[in-house]
Each structure stands twice: as structure tokens, then as C-alpha cells.
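The following exercises concern the fold of one protein chain. Please study the sequence and the structure, attempt each task, and then compare your reasoning with the worked solution.

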Amino acid sequence: MNNSIMCLTRDCSEYSHDKQVKDFIQGGGQLIQLRSKSIPNEVLYHQANKAVTYAKSYGAKLIINDHIELTHKVDAHGVHLGANDGSIAEARKILPSGKIIGKTVHSIKEALSAKKDKPDYVGMGPYRISSTKKDLQPVLTNYQFQQIVKILDPIPVYLIGGLSKDDFSLIESLGVQGLALCSALFSGNNLTDQTRLAVDKSQAYSRLTIY
């Protein structure tokens, strides 16, 4: 599995989350995070359930952002937790053994705390100002990002925030596992084509399989 790219869905009037997941997979995406902030829970459940079924049928991994209980209900591959989404310990109690649990880290202080909780991977950022994370401003230097990666080692780290398909060299320069892309995949008219372009560019920086 190519784990140098994590594809993130978003709330979008044109595409349901399950349709986005389908397009990502058709474009070669194998590690996907379903990220919703505004649609009703019932609608999200149906879309997540379809997305998980589709991901499993194609051997892709689907992680759900924020929602531990929803992850459990639809039997997704894992959950990603932000600062206010519950603890890793809580997620491990609710979810069956073997589920992937990710954690967001914005600073060296948060990295030191996350290291103790032993998530399966960390989302680190924002690297740049992001259209999907307007409330967070990048405050870290590349050196500080490198320090966070060293603190968290051997936990895999994904860089997130305002990244483009031309940023995969950051995998080597910062020592991260891969990049999490959202807006960059929606930059053209065809989500599958944009995903394929990103996956193709990521191949040169692909690291060992972690899941």
C-alpha cells in the first residue's frame, strides 16, 4: 500500500463523502480520511457506511475524522482525533483491537503529550494556511517540524495544511511518512484525475507500508 499520501474528503454540495472516497480510490488513493464538519449525523452515517463498504471492497483504508462512535458503528478502519474529539484511551476502549487511531499535533508541547498516548499515526500541521482550517495559522518553522518528527519517532507523521501536489519533497526534507491532501485534490474538474496525478507524484517518495 502506498502510504505517502492520505486523501481527505470534505463537505461538498457536489460530491457526497462516499462518492469522494470512490473517486479517490479510482485515482489510486489507498489511505483516506473522511472529514465532515457540517452535515447531519444521519446523513453522515449513511455516507460513511457506503464509503467503508467501498473501501473494503478495494483494499483501501478508511479513517473517520472526529467520530469514535461512528467509526465503531460503520466498522471503519480507524478514527482520527483532534484536540476536542476524545482521548486515544477512550477510542481504544470503544473500538475493537487493531483499529487505526490518529491524533492531531500542532506544537512540540502537543507532540510530547501525544507520544505518551501512542497513537498509530499523527497529523502534524498546519504547514501553510489552509482553506479547510482557517482558524489555525502556521507558526512552526521547518526545523520545528523536524523536531516534532524526531520526538514522535517511530510514530508515523503526516504533514497537513495547505499542501499541493508539488510538495512531496517535504517527505524527505522533514522526515514525515507522507502528506495529507484535501483542497489540492479538488483543484481540477475531475477528482479521480487529480488524485491520480498526486499518487503518481508521491510514488518517488513512497515509504514502507505502515498499516
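**Exercise 1.** State how many helices and how many strands the protein contains, and describe how the strands are arranged.

*Solution.* Step 1: the protein has eight helices and eight strands; these are DSSP runs numbered from the N terminus, with helices being H or I of at least four residues and strands being E of at least two. The model is predicted: local features need pLDDT of at least 70, side-chain atom pairs count only at pLDDT 80 or more, and totals for chains, interfaces and linings use all residues. Residues are numbered from 1 along each chain as its sequence is written, and side-chain values use heavy atoms, with hydrogens and water left out.

Step 2: in the order S1-S2-S3-S4-S5-S6-S7-S8, eight strands close into a barrel with parallel pairing. From one strand to the next, the twist averages 25 degrees (axes are lines fitted to C-alpha atoms, for helices over the stretch in contact, and angles run from 0 to 180 degrees between N-to-C directions).

**Exercise 2.** Identify which residues stand opposite each other where S8 meets S1 and S7.

*Solution.* Step 1: two strands pair if DSSP finds at least two bridges between them. Strand S1 (residues 5-8) pairs in the parallel sense with strand S8 (residues 178-181) over three bridges, and cysteine 7 is opposite leucine 181 in S8.

Step 2: strand S7 (residues 157-160) runs parallel to S8 and is joined to S8 by three bridges. Here isoleucine 160 faces alanine 180 in S8.

**Exercise 3.** Determine where histidine 77 lies, and whether it is buried or exposed.

*Solution.* Step 1: histidine 77 belongs to the loop between helix H3 (68-74) and strand S4 (78-81).

Step 2: histidine 77 has a relative accessible area of 15%, and is therefore buried (buried means under 20%, exposed over 50%, partly exposed in between, with a 1.4 Å probe and protein chains only).

Step 3: leaving aside neighbours within four places in sequence, the contacts of histidine 77 are Lys56, Ala60, Lys61, Leu62, Lys99 and Ile100, where contact means heavy atoms within 4.5 Å. The histidine 77 side chain also reaches the backbone nitrogen of leucine 62 at 2.9 Å.

**Exercise 4.** Describe the extent of burial and of long-separation contacts in the protein.

*Solution.* Step 1: 49% of the 211 residues count as buried.

Step 2: among contacts with a separation of 6 or more, 58% are between residues 24 or more positions apart.

Terms used: A polar contact is a pair of N or O atoms within 3.5 Å; within protein, one must be able to donate a hydrogen and the other to accept it, and residues adjacent in sequence count only if both atoms are side-chain atoms.
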